[in-house]
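Work through the exercises below with the coordinates open. Try each task before reading its solution.

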Amino acid sequence: MNGLRWTRLRRALASAAVLVLATGAQGPVHAQASAQKSVDVTSPEYKRGRLLYIQCRACHDLQPSEIEKIGPNLAGLMGRKAAADAAFAYSPALQAAASKLVWDKATLDRWLEKPAAVVPGNTMAFAGISNPADRVALLAYLEAETSAR
């Protein structure tokens with residue numbers, strides 16, 4: 001990881017820590033927008049997914065944003081081809097695999113379990129989530145929160 005990316009990652013993690021402390025580890029709730037999408041924001045799965053997303057938000061935004069983070073923006077993620085955000089500098093490994101990857105639930109489930117197994121050599125600093133129920137909850141949250149509003 002080059003020096004600039006490392007500096008960005010440290011800043012993003014520090015910002016996330018401040019947000020976690022300020023929000024009581026719950027993060028922002030997009031109840032109004034989610035309600036428009038008929039998502040039950042009171043469901044245990046959604047709440048669990050929101051809590052799991054805390055580890056992601058230091059590097060990723062869920063809706064279009066001008067803020068540049070260490071990872072790509074996830075707005076419109078479901079159904080999008082991998083490495084499709086022109087504003088983000090993807091790793092050579094992910095760029096090479098992009099023609100074969102579309103972010104659907106099955107692919108994202110494998111990615112969330114172990115990114116290095118899906119795209120060896122990618123630079124995402126994330127080991128994965130081994131618990132299948134946690135991946136299902138995070139996917140439900142991501143599907144709801146990355147869709148167009």
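**Exercise 1: a salt bridge from D109**

D109 is partly exposed, with a relative accessible area of 22%; buried means under 20%, exposed over 50%, and partly exposed in between (1.4 Å probe, protein chains only). This is a predicted model, where local features need pLDDT of at least 70, side-chain atom pairs count only at pLDDT 80 or more, and totals for chains, interfaces and linings use all residues. Residues are numbered from 1 along each chain as its sequence is written, and side-chain values use heavy atoms, with hydrogens and water left out.

Task: find which side chain meets that of D109 in a salt bridge.

Solution.
- Apply the criterion: a side-chain nitrogen of Lys or Arg within 4 Å of a carboxyl oxygen of Asp or Glu.
- The partner is R135, at 2.8 Å, N to O.
- Place the pair: D109 sits in helix α5 (residues 105-113) and R135 in helix α7, 26 residues apart, so distant parts of the chain are linked. Helices here are DSSP runs (H or I, at least four residues), numbered from the N terminus.
- Check burial: R135 is buried, at 5% relative accessible area.

**Exercise 2: helix α7**

Task: test the span of helix α7 (residues 132-146) against its expected value.

Solution.
- Take 1.5 Å times one less than the number of residues.
- With 15 residues, the expected span is 21 Å.
- The end C-alpha atoms are 21 Å apart, which agrees.
- Look at the N-terminal end: N131 caps it, with a side-chain oxygen 2.8 Å from the backbone nitrogen of A133. The polar-contact cut-off is a pair of N or O atoms within 3.5 Å; within protein, one must be able to donate a hydrogen and the other to accept it, and residues adjacent in sequence count only if both atoms are side-chain atoms.
- List buried residues of α7: among them are L138, L142 and E145.

**Exercise 3: a second bridge from α7**

Task: name the partner of D134 in a salt bridge.

Solution.
- The side chain of R48 meets that of D134 at 3.0 Å, N to O.
- R48 belongs to helix α3, D134 to helix α7; 86 residues separate these distant parts of the chain.
- D134 is buried at 15%, whereas R48 is partly exposed at 37%.

**Exercise 4: the loop at P72**

Task: locate P72 and list its contacts.

Solution.
- P72 lies in the loop between α3 (44-53) and α4 (92-97).
- P72 is buried, at 15% relative accessible area.
- Contact means heavy atoms within 4.5 Å. Not counting residues up to four places away in sequence, P72 touches C59, H60, D85, F88 and Y90.

Definitions and conventions. Helix = DSSP H or I, 4+ residues; strand = E, 2+ residues; numbered from the N terminus.
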